[in-house]
Amino acid sequence: MNGEITRRPARLSAALSLFAAALSVSLVNTGAPTGTFVAVVGLVVAMEGAHRFRTGQRLLGTAGLLVGVLVATGGAGLAVSSATGQSQLIEAGLGLFGVFCLGLGVLPLRGAGSRGLSKLGCASVLLAVVAGGLFQTADAVPLLVACAALVVSWDAAENSVTVGEQLGREAKTWTVEAAHFSGTALVGGVAVGAGLVVRDLGTPGLPLHAVAFVLVALVFLTLALHD
């Protein structure tokens, strides 16, 4: 390959990471799905516009940046305005903050991405999931799926940065990224299924706050096992 390698996070894994995080937020805050996903779309458009502006495509980059910022702001406003109480407002705030931090980590304005920002974003989304259990605004099944989606999001973010560092954005890696994401999603699905089996075998009426703390333990175990 001729020329300098652009060591930026891989696009597909970055986008999948953001949409998995948005899914996680939407599952625990049923009033915010539309606004959250719209905010993610706007964030992706804005970051791509900023990148094109920096690479010399000034007109297209400016248009993308402005449209993306407007869409992201509108989506965030819609998600917050859809909150029906203080608990949902807290969940929406934590979730949106997490999604935007994650976006800055995997779609950086410059540089090779930030694992620190990605982890901060996922941690904030995790707090939103835990809040859904503590405030009992989400049932056990959505909490389990949201936690699995969060782990998938975090893993995709890590893979995005790693692929970008090692191979560069010019390399055609979408098949490898898709396979990696599919494998992680499959493991997450198995974990959700196992959680449902354990729930059915366990004590009926398990409090949701107990489920929330189990989810925290699951996430930290996953992080500990990750290389």
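## Phenylalanine 19

In this predicted model, phenylalanine 19 counts as partly exposed, because its relative accessibility is 34% and that class runs from 20% to 50%. The residue lies in helix α1, which spans residues 11-28.

Phenylalanine 19 also belongs to a nonpolar surface patch and to an aromatic pair. Both are described below.

## The nonpolar patch

Phe19 shares the patch with Val38, Val41, Val45, Val67 and Val71. Together these residues have about 400 Å² of accessible area.

Two helices, α2 (33-54) and α3 (58-81), each supply at least two residues. Helix α2 gives the most, with three.

## The aromatic pair

A search of the whole structure finds one aromatic pair. Its partners are phenylalanine 19 and phenylalanine 37. The rings are stacked, with 6.2 Å from centre to centre and 20 degrees between the planes. The pair links distant parts of the chain. Phenylalanine 19 sits in helix α1 and phenylalanine 37 in helix α2, 18 residues apart.

Phenylalanine 37 has a relative accessible area of 28%, so it is partly exposed. Phenylalanine 19, at 34%, is partly exposed as well. A patch residue needs over 30% relative accessible area. Phenylalanine 37 has 28%, so it does not meet that cut-off.

## A charge over a ring

Another phenylalanine has a charged neighbour. Arginine 58 lies over the face of phenylalanine 53. The distance to the ring centre is 4.6 Å.

Notes: Residues are numbered from 1 along each chain as its sequence is written. This is a predicted model: local features need pLDDT of at least 70, side-chain atom pairs count only at pLDDT 80 or more; totals for chains, interfaces and linings use all residues. Side-chain values use heavy atoms; hydrogens and water are left out. Patches are made of residues with over 30% relative accessible area and no salt bridge: like charges are joined within 9 Å, nonpolar side chains (Val, Leu, Ile, Met, Phe, Trp, Tyr) within 5 Å. Accessible areas come from the Shrake-Rupley method with a 1.4 Å probe; for residues, only the protein chains shown count as cover. A salt bridge is a side-chain nitrogen of Lys or Arg within 4 Å of a carboxyl oxygen of Asp or Glu. Helices (H or I, at least four residues) and strands (E, at least two) are DSSP runs, numbered from the N terminus. Buried means under 20% relative accessible area, exposed over 50%, partly exposed in between (1.4 Å probe, protein chains only). Rings of Phe, Tyr and Trp (its six-membered ring) pair if their centres lie within 6.5 Å; planes under 30 degrees apart count as stacked, over 60 as edge-to-face and the rest as tilted. A charge sits over a ring if NZ of Lys or CZ of Arg is within 6 Å of the ring centre and within 35 degrees of the ring normal.
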